Amino acid sequence: MCTVTLSYNKNDETAIKSLATLLATGRFVQLDAEDDLDIDYSDPSLFEEDPNIPIIDRDLTPKELEELIIKDIHAIYAKQDAV
């Protein structure tokens, strides 16, 4: 599990839609700041890199991020449909 903190302009319609798209994938959940996460940070496995996750060496635009997520979703459903 990984916690990512995002900040965005709550008055920016594009930012709101991008966040909604990201959350709609089901890969991410929104936590309230008050939520306490039960994470043991002394567990070394938390800091291991997953070799199956490609490393992107540049910042992505919201559109590029959306396209990557949609591509992943299509790949997941294609595998599920094949089973």
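Does Tyr41 count as buried or exposed, and at what relative accessibility? In this predicted model, Tyr41 counts as exposed because its relative accessibility is 56%, and exposed begins over 50%.

**View 1. Tyr41 and a nonpolar patch on the surface.** Tyr41, which lies in the loop between α1 and α2 (62-82), makes a nonpolar surface patch together with Leu46 and Phe47. The area of this patch is about 360 Å².

**View 2. The two faces of helix α1.** Helix α1, formed by residues 13-24, has twelve residues, and the 16 Å from its first C-alpha to its last is close to the 16 Å expected at 1.5 Å a residue. Ala15, Leu19 and Leu22 are the residues to look for here, since they are buried in α1. These three residues are on the same side of α1 because they cover an arc of only 60° around the axis. An α-helix has 3.6 residues a turn, so residues three or four places apart point the same way. On the face of α1 turned away from its buried side, one finds the exposed residues Thr14, Lys17 and Ala24.

**View 3. The start of helix α1 and the residue that follows the helix.** At the start of α1, a side-chain oxygen of Asp12 comes to within 2.9 Å of the backbone nitrogen of Thr14. After α1 comes Gly26, a residue whose phi is positive, near 85°.

**View 4. The salt bridge between Asp72 and Arg27.** The structure holds one salt bridge, in which the side chains of Asp72 and Arg27 meet at 3.2 Å, N to O. This pair links distant parts of the chain, with Asp72 in helix α2 and Arg27 in the loop between α1 and α2, 45 residues apart. Side chains of opposite charge can pair when their charged atoms come close. Asp72 is partly exposed, with a relative accessible area of 33%, and Arg27 also counts as partly exposed, at 44% relative accessibility.

Conventions
Residues numbered from 1 in each chain as written. Predicted model: local features only at pLDDT ≥ 70, side-chain atom pairs only at ≥ 80, totals over all residues. Heavy atoms only, no water. Helix = DSSP H or I, 4+ residues; strand = E, 2+ residues; numbered from the N terminus. Expected span 1.5 Å × (residues − 1). Buried < 20%, exposed > 50% of the residue type's maximum accessible area, 1.4 Å probe, protein only. Arc of directions from axis to C-beta. Polar contact = N/O pair within 3.5 Å; in protein donor to acceptor, adjacent residues only side chain to side chain. Patch = residues over 30% accessible without salt bridge, like charges linked within 9 Å, V, L, I, M, F, W, Y side chains within 5 Å. Areas by Shrake-Rupley, 256 points an atom, 1.4 Å probe, with all protein chains shown as cover. Salt bridge = Lys/Arg side-chain N within 4 Å of Asp/Glu carboxyl O.
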